Amino acid sequence: MNNIPSVDLADFLSDDPQRKQKFVNEIGKAYEEIGFVALKNHFLSDNLVDELYKEVKNFFALPLETKRKYEIEGLAGQRGYISFGKEHAKGKKEGDLKEFWHFGQEASKDANLTEEYPENVQVEELPDFNHTGMEAYRMLEKTGIYVLRALALYLGLDEFYFDHWASNGNSILRPIHYPPITEEPKGAVRAGAHGDINLITLLMGASTGGLQVLRKDGEWIDAIPQEDELVINVGDMLERHTNNKLRSTIHRVVNPPREQWGTPRYSIPFFMHPRSEMPLNCLEECIDEANPKAYEDITAGEFLDQRLREIGLKK
């Protein structure tokens, strides 16, 4: 396998039980083997994708002092702007060669949340920035819910097992700007080798190259989806919850060849988090004699807090 498997959400959404089961089997098998898929026929329209990229590029093109006013102290980077080099991979000192923005959940009135999410930071200079960002957020959240439904069936759970936890969850949409590289990076890459914290990640922009995935045999392979596909991978929360049945695979964004150093890169991951009170206890369906329970019980909120400290966003 030299690229990640491709799956079609239209199969899962069809009225044909065999097509639906085909999708469940394909995505489940891919997540057991490599932890990544490319997904076509998601809910993001081409027009919305174009609008979002336009707004994101306009934001990152603003002067640094303008962007800095949106870097809010005390939020552990959960909303607004996070400046260049602030975040690093777990266990690394070198900051990643990127700056980014965070849009967070705007919960529905009937969500009955036990926690309060920080408000999104409004960008005065760009009147359509926040609206476009949240429109994309909703479509990615909707896509993610359907992927989780397929995985629930694959695991032998009720199809809607994840719906309550993931709807109105603590998810984050993160537009990232990797600026042109102007000098030899001292041990730093655009994004160091890491696993994601959350349940699943839905990524726009991987088709521009640079994303690599670590195979079971220790080989790094390029993850190159088609233009209209999202890359979707398992995060550490789901790996833990499924007692390592589904794999949270280490991945990275490598620096381009020297002749492409002058080219910026943009990518937009949606980190799908559940509500903080979701128990991540290993599912009974994933425990047997060959696979005894591998993790202590913990909630999603406790796990997130632990990880934000490890990657330098929370002190």
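Angles between axes under 35 degrees count as roughly parallel, over 145 as roughly antiparallel, 65 to 115 as roughly perpendicular and the rest as oblique. Keep that scale at hand for the helix stops on this tour. You are looking at a predicted model, where local features need pLDDT of at least 70 and side-chain atom pairs count only at pLDDT 80 or more, while totals for chains, interfaces and linings use all residues. Residues are numbered from 1 along each chain as its sequence is written, and side-chain values use heavy atoms, with hydrogens and water left out.

**Stop 1: α2 against α5**

Select helix α2, residues 17-33, together with helix α5, residues 129-154. Helices here are DSSP runs of H or I with at least four residues, strands are runs of E with at least two, and both are numbered from the N terminus. The axes of α2 and α5 cross at roughly 85° and come within 9 Å, and therefore the two helices are roughly perpendicular to each other. The axes are lines fitted to C-alpha atoms, for helices over the stretch in contact, and the angles run from 0 to 180 degrees between N-to-C directions. To see the contact (heavy atoms within 4.5 Å), show side chains on both helices. From α2, the residues include Phe-23, Val-24, Ile-27 and Tyr-31; from α5, they include Val-147, Ala-150, Leu-151 and Tyr-154.

**Stop 2: α3 against α5**

Keep α5 and add helix α3, residues 46-60. These two pack with axes 9 Å apart, at an angle of about 135°, which means α3 is oblique to α5. Among the residues making the contact are Leu-48, Leu-52, Val-56 and Phe-59 of α3, and Phe-129, Gly-133, Ala-136 and Met-139 of α5. Rotate the view to look at the crossing: α3 and α5 cross in a left-handed way, where left-handed means that the near helix is turned anticlockwise from the far one by less than a right angle, and right-handed means clockwise.

**Stop 3: Leu-148**

Stay on helix α5 and pick Leu-148. Is Leu-148 buried or exposed? Its relative accessible area is 0%, so Leu-148 is buried; buried means under 20%, exposed over 50% and partly exposed in between, with a 1.4 Å probe and protein chains only. Not counting residues up to four places away in sequence, Leu-148 touches Phe-162, Ala-166, Leu-199, Ile-200 and Met-272. Try a distance label to Glu-159 as well: 11 residues along the chain separate the pair, and their C-alpha atoms are 8.3 Å apart.

**Stop 4: Glu-99**

Next, select Glu-99 in strand β4, residues 99-104. Which side chains does Glu-99 join by a polar contact? One is Tyr-81, at 2.4 Å, and another is His-177, at 2.6 Å. A polar contact is a pair of N or O atoms within 3.5 Å; within protein, one must be able to donate a hydrogen and the other to accept it, and residues adjacent in sequence count only if both atoms are side-chain atoms. Glu-99 is buried, at 4% relative accessibility. Leaving aside neighbours within four places in sequence, its contacts also include Phe-60, Lys-67, Phe-84 and Pro-175.

**Stop 5: Leu-75**

Go to the loop between α4 (64-68) and β3 (80-82) and pick Leu-75. With 23% relative accessibility, Leu-75 counts as partly exposed. Draw a C-alpha to C-alpha line from Leu-75 to Gln-260: the two are 35 Å apart in space and 185 residues apart in sequence.

**Stop 6: two cysteines**

Finish with Cys-282 and Cys-286. The structure holds zero disulfides, a disulfide being a pair of cysteine sulfur atoms within 2.5 Å. For Cys-282, the nearest cysteine sulfur is that of Cys-286, 8.3 Å away, which is too far for a bond. Cys-282 is buried at 8%, and Cys-286 is buried at 7%.
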